[in-house]
Amino acid sequence: MLTNRNSIARAASAGGATKSNKAASTPATGSTIELTNVSKAYGEEWLSDQILDNLSLSIAPGEMTVIVGPSGCGKSTLVNLLAGFEEPDSGKITIDGEEITGPGKDRMVVFQETALIPWQTTFENVVFGPKLRGDMKTADLEKEAKKLLVKVGLGEFMSKFPLQLSGGMQRRAELARALINEPKVMIMDEPFRGLDAMSRSLMQEFFLQLFEENRRTNVFVTSEIDEAIFLADNLIVLTNKPTKVEKIIDIKLPRPRNYSMLTSAEAFEYKRETMAILHEEAMKSFANTSKGVA
Ligand SMILES: Nc1ncnc2c1ncn2[C@@H]1O[C@H](COP(=O)(O)OP(=O)(O)OP(=O)(O)O)[C@@H](O)[C@H]1O
């Protein structure tokens, strides 16, 4: 089902009602994020590049909100704003009603590039943040880190250094490193980009299983349409720069999900619709950039 341009991803219902395609037994644990008329430009005024243009969006608690858009439209810019690494020029972003003014451990970000510290073991990487902040007793922290590493399938690899891990294992270590902070929101910026096809699909299944177990609010940016449809509750399709929300597609595939669902007629229709929008936006961008070219 499609909703209109710049409409709201899903009204965050006060009672936290679940949709039929959710694992109804798992309560949502995440936060609500509201973006209201958010604009962002880069560069000096005389040569300013308007990236986001009055973008409004509501990200509902406990849902997997996936963002796709044409290359260079500002997906990572949006991630940086949600993470609090950057500030909007105008408009506002709130989490549970509080304006985001900087990074916080309520929002953990996993990027496509590994951010693991190369000279620390996997275990040391996972405990690093909370240890630095001193916000957990050492014994509890170590117990939790071991539990998480077993959960992400790295129980046997705790004492290995990042470069001794495969790409998929590194991403799982990154997930453990984020999850130890018990964030209310996970923000994922193309986290599986660069993995080979098999590792990527295994990571998608693994990540989905984690999500379906704990139902945190997730914002997941990807350029892979199949990945987007496989993961999403709400698929946000962005326009070209200056970027707005073009469409929000409510992905009604049942949960728990498996890959065979991507071959259904329903999934095919989601894919066709998304590709049509992205193609149209790419053509507009091409037309703009080729203006003046003889
Ligand atoms: N710090 C910055 N300073 C100046 N320009 C920037 C900065 N960050 C991003 N941009 C520009 O903003 C635009 C959007 O970049 P962004 O990385 O957010 O897009 P994206 O949709 O994530 O791209 P891709 O699909 O290639 O990953 C690009 O034109 C980029 O060059």
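**Group meeting: a walk through the model**

Let's start at the ligand: helix H1, residues 75-83, contributes the most to the shell around it, with 3 residues. Please keep in mind that this is a predicted model.

Who else is there? The residues surrounding the ligand are Tyr42, Ile51, Gly69, Ser71, Gly72, Cys73, Gly74, Lys75, Ser76, Thr77 and Ser223. Sorted by class, that shell holds 7 polar residues, 3 nonpolar ones and 1 charged one.

Now let's step back to the whole protein. It has 294 residues, and 37% of them count as buried. Its secondary structure comes to 7 helices and 11 strands. If you take the contacts between residues at least 6 apart in sequence, 73% of them join residues at least 24 apart.

What does the annotation say? An unreviewed UniProt entry places "domain: ABC transporter" on residues 33-265. Over that stretch, the chain is 32% helix and 25% strand, and its end C-alpha atoms are 32 Å apart.

There is also a domain assignment, and it gives two domains for the protein. Domain 1 is made of 2-11, 25-106 and 186-288, while domain 2 covers 116-182. Taken over C-alpha atoms, their centres are 27 Å apart. How do the two meet? On the domain 1 side, 9 residues are in contact with 5 residues of domain 2. H5 supplies the largest share of that domain 1 side, 3 residues. By class, the side of domain 1 that touches domain 2 has 6 nonpolar, 2 polar and 1 charged residues.

My last stop is helix H4, residues 167-179. Does its length agree or disagree with what we expect of a helix? At 1.5 Å a residue, its 13 residues should span 18 Å, and the end C-alpha atoms are indeed 18 Å apart, so the two agree.

And is H4 mostly covered or mostly open? Mostly covered: 10 of its 13 residues are buried. The buried ones are Gln170, Arg171, Arg172, Ala173, Glu174, Leu175, Ala176, Arg177, Ala178 and Leu179. A quick reminder about helices: an α-helix has 3.6 residues a turn, so residues three or four places apart point the same way. What do the buried residues of H4 pack against? Their partners include three helices, H2 (122-133), H3 (138-151) and H5 (197-214). The strands they pack against are E7 (107-110) and E8 (185-189). H5, you may remember, is the helix that gives 3 residues to the side of domain 1 touching domain 2.

That's my tour, so thanks for listening!

Note on methods: Residues numbered from 1 in each chain as written. Predicted model: local features only at pLDDT ≥ 70, side-chain atom pairs only at ≥ 80, totals over all residues. UniProt positions renumbered as here; feature names shortened; annotations may be inferred. Helix = DSSP H or I, 4+ residues; strand = E, 2+ residues; numbered from the N terminus. Expected span 1.5 Å × (residues − 1). Buried ≥ 20, exposed ≤ 12 C-beta atoms within 10 Å, placed from the backbone. Contact = placed C-beta atoms within 7 Å. Near = placed C-beta within 6 Å. Nonpolar A, V, L, I, M, F, W, Y, C, P; charged D, E, K, R; others polar. Domains from an automatic or database assignment.
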